[in-house]
Amino acid sequence: MSGQPPAHIVIVGGGTAGWMAANLLARRWGGPQRPRCKISVLESAEIGIIGVGEGSTPFLRQFFQLLGVAEHEWMPACNATYKSGIRFPDWSTVPGYESYVHPFFNEQDRVTGTEFFLNACLRRRGAAADANPQDFFIAAALARACKAPVLPPDPQGRPQLQTDYAYHFDAALLGQFLRRHALSLGVVHKVDTVLGVQLAENGDIASLQLQGGAQLAGDFFIDCSGFKGLLINEALGEPFISYKDNLFNDRAIALPTALNPAADIPSETVSRALRHGWAWQIPLSSRYGNGYVYASDFVSDEEAELELRRLLGPAAEHSEARRLKMRVGRVERHWRNNCLALGLSQGFIEPLEATALMLIQLSLFNFMELFERAGFGRQQQGLFNQRINKMFEGVRDYVVAHYHLNTRRDSDYWRANRAHHHISNRLASILEVWDGGGDFEAELSRHGDALMYLRPSWYCLLAGMGRFPAELRPLDRPRLSGAQARAATEALVREQFPSHRQQLVALAEA
Ligand SMILES: Cc1cc2nc3c(=O)[nH]c(=O)nc-3n(C[C@H](O)[C@H](O)[C@H](O)COP(=O)(O)OP(=O)(O)OC[C@H]3O[C@@H](n4cnc5c(N)ncnc54)[C@H](O)[C@@H]3O)c2cc1C
C-alpha cells in the first residue's frame, strides 16, 4: 500500500453512515491488532439521527460478510427481515401491468426469466406475449407466499444454487449494533456537538470546536452529519447539485404500524403510488415501517398525512407521524481536501430503490482503494469524485425512469412527472431504443457500468410498467404465458423455500 492510512480519522456523525464507515475503516485500517490508524466517531446528543432507512439492496450482505458478522448475530438484534424484492402497485394503469415487481434474481430464475426477456422483446415489437415480471421471477413468488429467500442447507452438503436478496431492518437498532461492533474493533466514541470548524491555510480541516470546550484535531475528517453537510457544505463550501428538476419529492412522513405476531411476514417492500408520490411499507419482525414520500410543490404536509392515514386505515389510528424534509441531489465533490462526505451529507436519491446504504458502502470501498494507491493525491481525489458522481447519476436515471414511465392521470404531480424534459440524454436514448423496437441489448451495453442497474432490472422496469405498443398482434407461435410462469415459480417456491417467519425464528434461536 503506497498511501498509508491517516493517523487519526475523525468521523462526525453517529447515524448509519458514520457507523458503517467506522466499521469498514477499522476492519481494514485500524483495530487493536492493527493500530495503524486511530478512528473516532463524534455524535451529538442533541441532534438525532434521521432514523428512517429500513430497506437495503443486496450489497448489505457483502458489508456484513466483510465484517465477519453472521445473519444470526445481527438480524434478530435489529428486528431484521429478508427482502426478496420491491413491488410497485399503481404506478401504471396499463391493463395487466397495474402492479409489477423489481426482483432480486435467483440462479433458478434461468428458465422462466429467459422466457420473460424474450416475451418482453416480442411485446415491445408489437406481439401479444405476456411480460409482467411479477409472473416470471422466483422473488415475486417468494413474496406472495411469505417465504424467505434462503435455501436450507443441502443434507448432503452439496453447493447451493445462489439466491440474491437484501434486508429490512430497524434503522435505530442497526445503528446501535454497528456502534457496538465498531467499539469492539477499537473505534473511539465521543458524544459532543460541533460548534465550529477551524481550517488550515491550505483549506484542510484542522480541528473541530466542541460545545464541551475541547478542540478535536484530526488528520482526515469524514462528514456523516446528515442533510446539513456540516463539514463538506457549511465549512468547506462545497456546492450542492439539486436533482429537483427531475426528482420532485422533497418530503416524507414516517408512520409505523403494528405487525400481527402470529401472522406470516411478507418478504418484500411495497412501494405504492399515491396521488402525490408513493408510500412504502416495510415489514420488520416487530412492526411495519410505513411512510409517504411526496413533493411539497404539489401537496401540503397535512394533506399528505391524511392520504397516508387513509391508506393505512385503523392500523395507524394511534401512531404518531414523523415529518421529514429531504435534500435530493449530491455534492459536486464528495472528497475535498482532507474531508470525505458520506451518507446524507454527500447526497441522497430519494428512497424508491433503497440505495442510500449501498452508495455509502461503494463510496467507502472506492475511497479506501484509491487512498491506498496514492494517499492524498489530487489525481486520486478527481478519480474518486468522478466514479461516485457516475454512480449517483446512474441510480438517479433508474429512479427517474419510474416516474417518467407512469401512466396515472389523477393529479398534476403524475402528469408533470411524465411531461418534463429534464431526463438525461442517456435515459432518453434508452427509452427511444426500447420504444422503437431497436437493439436494446446493444443500447444497454453501450452505456456500460455507468448504468448502475443491470439489464434484468431495466427489463423489469420497462416491461413492468407496461411500456409497450397499445395495439398488439397475436403471437405467431405460443409462448410461456404469465399464468404458466407463475405456476412454475410458485411450485418451486412451495417445495424448496422455508416460511419467512420460521426462518427468522430459527435465526433468533441460533
Ligand atoms: C424518508 C427516507 C427514507 C429512507 N429510506 C431508505 C432506505 O430504505 N434505504 C436506504 O438505504 N436509505 C434510506 N434512506 C437514507 C438513510 O436513512 C440514510 O442514508 C442513512 O440513515 C444515513 O444517514 P446519515 O448517517 O448520513 O445521517 P443521520 O442519520 O442524519 O445522522 C447524522 C449524525 O450527525 C450527527 N451530527 C449532526 N450535526 C452534528 C454536530 N453539529 N455535532 C456533532 N454531531 C452532529 C448527529 O448526531 C447524527 O448522529 C432514507 C432516508 C429518508 C429521508
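Biologist: Why is the sulfur of C224 not counted as part of a disulfide?

Modeller: A disulfide is defined as a pair of cysteine sulfur atoms within 2.5 Å, and the sulfur of C224 is 9.3 Å from the closest cysteine sulfur, which belongs to C339, so the two are too far apart for a bond. The sulfur of C37 is likewise too far for a bond, because its closest cysteine sulfur, in C224, is 14 Å away. By this rule the count of disulfides is 0. This is a predicted model, in which local features need pLDDT of at least 70 and side-chain atom pairs count only at pLDDT 80 or more, while totals for chains, interfaces and linings use all residues. Residues are numbered from 1 along each chain as its sequence is written, and side-chain values use heavy atoms, with hydrogens and water left out.

Biologist: What makes C224 count as buried?

Modeller: Buried means under 20% relative accessible area, exposed means over 50%, and partly exposed lies in between (1.4 Å probe, protein chains only). C224 has 7% relative accessibility and therefore counts as buried, and C37 is also buried, with a relative accessible area of 7%.

Biologist: Where does H500 lie, and is H500 buried or exposed?

Modeller: H500 lies in helix α17, which covers residues 500–509; helices (H or I, at least four residues) and strands (E, at least two) are DSSP runs, numbered from the N terminus. With a relative accessibility of 0%, H500 counts as buried.

Biologist: Which residues does H500 touch?

Modeller: Contact means heavy atoms within 4.5 Å, and, leaving aside residues up to four places away in sequence, the residues that H500 touches include T81, Y82, C146 and I265. The backbone oxygen of I265 lies 2.9 Å from a polar atom of the H500 side chain.

Biologist: What puts the buried residues of α2 on the same side?

Modeller: In helix α2 (residues 59–67), the buried residues are L60, R61, F63, F64 and L67. They cover an arc of only 160° around the axis, which puts them on the same side of α2; the arc is that of the directions from the helix axis to the C-beta atoms. These buried residues pack against α1, α3, β6, α7 and α10.

Biologist: In what sense do strand β2 and β7 pair?

Modeller: Two strands pair if DSSP finds at least two bridges between them, and strand β2 (residues 38–43) pairs with β7 in the parallel sense over 4 bridges. V41 stands opposite H189 in β7.

Technical notes
Polar contact = N/O pair within 3.5 Å; in protein donor to acceptor, adjacent residues only side chain to side chain.
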